Amino acid sequence: MKSKRRLSKQLWSKRLWKYYLRSAERTLKVFRIINITFLLGATVVILVLLSLFTPLFSRSVIYIMQHLPLPVLPEDAVSLPPSAYVVLGGGLTNDNNNHIILNDYSLKRIRTAATAYHDHPLPIILSGAEAPWLGQWLIEHGIDEPISENASMNTCENARFTAKRVALSHVYLITDGYHMARARRQFALNGINSTPIRAPLPVNRDWTEPAQNLIHSRRAVYEIAAYLRDVLRPQKDCRRAEDMSTEQLLTPRGKAINTSSN
């Protein structure tokens, strides 16, 4: 009887020991997986952070955003060629005399539009509060009668109000490369197809200039966040086109002075 009990205890002890060994092996495997995952994750984070100071990050973002799908467009928007240039304002600033002038982003965009116009003349539509200054710049550089939409204050309104201002199916859209994907999506939502003409940023990418690369990286991160916001939770401050009168679209928010030195 005692021998049976001893045998039973021994068997039970062996089972417990085997169970303990298996549990220890599983725990070690889990710790190894956690360790490897942590190391890989930390390596990826470090590489991404380092890439922010190189052209690599911003170029990757541009490439990905160029290939994002657009909303479904009407058939004529796909089949017809572009009939106008649409320039999206990039902001205003003040000069040394406290006069309001185009900032470097807007200047890059309007210069890009002028170059495209001289190669292939089409009507130029200026969208945003910057429109009077953009139009003044064009007039000073020999391009008359631009069409202005002065009311929009964001990309969503750029698209809605441009579609209300002029009947369009397909346009050449001029903005910077980071903003382009979000802008094209908004125009597509309003039935307008767009062929991108990318304006450069005021600073260039350069492997030897990490500060300049960081400006591009910040712009890229902002546009990723803004694009996701537009998709997941459209902005509430985008006014509806039907709530805006034609007079409001035509009313400039300021008066541009002669800036021929720019």
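Reader: What makes some side chains in the chain count as positive and others as negative?

Author: Lys and Arg count as positive and Asp and Glu as negative, with His and the chain ends left uncounted. By that tally the chain has 33 positive and 21 negative side chains. Each charge is placed at NZ of Lys, CZ of Arg, CG of Asp or CD of Glu, and the centres of the two sets lie 29 Å apart. Keep in mind that this is a predicted model, where local features need pLDDT of at least 70, side-chain atom pairs need 80 or more, and totals for chains, interfaces and linings use all residues. Numbering runs from 1 along each chain as its sequence is written, and side-chain values use heavy atoms, without hydrogens and water.

Reader: Why is the chain called more spread out than a compact globule?

Author: The globule rule (2.2 Å times the number of residues to the power 0.38) gives 18 Å for 262 residues, and the radius of gyration, taken over C-alpha atoms, is 29 Å, well over that, so the chain is more spread out. The C-alpha trace spans about 110 × 45 × 35 Å along its principal axes.

Reader: What makes strand S6 largely enclosed?

Author: Buried means under 20% relative accessible area with a 1.4 Å probe, protein chains only. In S6 (residues 170-176), 6 of the 7 residues are buried, so the rest of the structure largely encloses this strand.

Reader: How do you know that S6 and S7 pair?

Author: Pairing takes at least two DSSP bridges between two strands. S6 and S7 (residues 193-199) have 7, in the parallel sense, including His-170 with Asn-193.

Notes
Buried < 20%, exposed > 50% of the residue type's maximum accessible area, 1.4 Å probe, protein only. Helix = DSSP H or I, 4+ residues; strand = E, 2+ residues; numbered from the N terminus.
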